Amino acid sequence: MDNCLQIANCLSSPNPSQRSLNQLTASDRAVHDWYRFILSFPPHLVRQCLEAFQITPQQRVLDPFSGTGTTLVECKKLGVPCIGTEANPMAQFASQTKLSWQIDAAALLQHAQQIVETVSSDLALFPAEGLHPTLDPEAEKLLFKDAISHRPLHKLLRLLKEVEQRSHPQFYHHERLALAKVAVLASNLRFAPEIGVSRQRKTDAPVLRLWLEAVQIMASDLLQVSPQRRSPSQVYLCDARCLDQLQPGSIDAVITSPPYPNEKDYTRATRLESVLLGFLQNKAELRAVKQQLLRSNSRSIYSQDTDDQWSLGYPEVLQLAQEIERRRQAWGKTSGFSRLYGRATRLYFGGMAKHFASLRPVLKPGALLAYVVGDQASYLRVHIQTGRLLAEIAQSLGYELVDIHLFRTRRASKTEVDLREEVIVLRWRG
Ligand SMILES: C[S@@+](CC[C@H](N)C(=O)[O-])C[C@H]1O[C@@H](n2cnc3c(N)ncnc32)[C@H](O)[C@@H]1O
């Protein structure tokens, strides 16, 4: 069958506005559900791409924006070698841990039970919050106000201390990842429509029970996936705009979902657990992480940023930035952030151009690529056709456009317009 038709058949969805299209189904929960964030795409979409690209276990897949590892976990489940790059240390840790399956599941559970016993009796003796351990004041400043109530925080810190004291070479990362998941469950955070603090505060939460349940799920998933545990997988903590550390000519396919120009600060989605687990200890570290990320919002732009140089060759991107600025002035918007919307758009598309350029040496000739991206209207309601523009940029850098496939539509909350989320399929000519 013609390659294009084959891809269209595999990726077709009868009802693109269906909410469930982007959700994790019960049959896909194993491993994926150890830790996910709001920005994740669904495993079934990855499977459809793998099928469309006819990927075999003799090939290697890359996700350059691997997030919590949906592409990588799905590849590993199917025995396909995979590599990820991710610039947020919490997400890199999560995806790397989700790929670590060489674990004695029964011993993991036993170790976790011992930890819970110790912490339970300790909490019974010293129940009061505010006692040691506490968060470092510089790290605490990074949390949103009331992100988590004192009591659940105290329990989490006590649990974390025990996990660290009993640090086990096989189980340490899994136990910490389970703690990250529980931290979010025990917090006051909400993730939709925007990431922030809910009005309804949880004054307490059954932290130890939730944590043990999370570890139990890991243990049972590990038994389920054990036959596939040997396929190689690795996630690098690095910037997808500079992929020098990957082996040249080693990648057969890319399946990924990069950030969109949507005014979301991606570090907010993982802030609580990043602070708790020590990935972010102060403002300087937060800034350093943000600088490694694509510029997709006006809150994370720095005077020394240069990615907009890469957008100079794309008149449509420049026109878009001008239209955003024109509308800002027409609408009388004067905030510092709104003044940066045009530049954020140029930096975003410039950064993606840099990424596509940096990716070229890593790909095998004929490699197929799937980029899942959404149209946006976050900048003063100016419609940004993210997928179409990225396809043009990729084509200018030597990629062939195979297809732009509609994955689903999302209703924009402010404009009530349906925005397209698409799979951009490219081929690297080599
Ligand atoms: C839409 S999310 C990917 C979600 C992922 N598909 C999943 O299922 O969890 C985009 C990811 O790109 C990461 N990212 C942003 N800029 C990056 C960069 N320059 N290099 C590597 N990763 C980056 C963000 O931290 C975020 O985790």
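A polar contact is a pair of N or O atoms within 3.5 Å. In this predicted model, the side chain of Glu 86 offers a case: one of its N or O atoms is 2.6 Å from an oxygen atom of the ligand. That distance falls within the 3.5 Å limit, so the pair counts as a polar contact.

Glu 86 is one of 24 residues around the ligand. Those that come nearest are Thr 68, Thr 70, Glu 86, Asp 239 and Ala 240. The side chain of Thr 68 also has an N or O atom close to the ligand, 2.8 Å from a ligand oxygen. Ala 240 takes part through its backbone instead: a polar backbone atom of Ala 240 is 2.8 Å from a nitrogen atom of the ligand. The ligand would expose 610 Å² if taken alone, and the protein buries 99% of that area. Sorted by class, the shell around the ligand consists of twelve nonpolar residues, nine polar residues and three charged residues.

The next step is to place these residues in the chain as a whole. The protein chain is divided into two parts, domain 1 and domain 2. Domain 1 is assembled from three stretches, 3–97, 236–263 and 298–428, while domain 2 is the single stretch 105–227. By these bounds, Thr 68, Thr 70 and Glu 86 fall in the stretch 3–97 of domain 1. Asp 239 and Ala 240 fall in the stretch 236–263, also of domain 1.

The centres of the two domains, taken over C-alpha atoms, are 31 Å apart. Where they touch, domain 1 contributes eleven residues and domain 2 contributes 13 residues.

What is the area buried between domain 1 and domain 2? The value is about 1,100 Å², and carbon and sulfur atoms give 77% of it. On the side of domain 1 that touches domain 2, eight residues are nonpolar, one is polar and two are charged. Between domain 1 and domain 2 there are zero salt bridges. Three residue pairs, both members at pLDDT 80 or more, are in polar contact between the domains.

Methods: Residues numbered from 1 in each chain as written. Predicted model: local features only at pLDDT ≥ 70, side-chain atom pairs only at ≥ 80, totals over all residues. Heavy atoms only, no water. Domains from an automatic or database assignment. Contact = heavy atoms within 4.5 Å. Buried area = accessible area lost by both parts, 1.4 Å probe. Salt bridge = Lys/Arg side-chain N within 4 Å of Asp/Glu carboxyl O. Polar contact = N/O pair within 3.5 Å; in protein donor to acceptor, adjacent residues only side chain to side chain. Nonpolar A, V, L, I, M, F, W, Y, C, P; charged D, E, K, R; others polar. Near = heavy atom within 4 Å. Areas by Shrake-Rupley, 256 points an atom, 1.4 Å probe, with all protein chains shown as cover.
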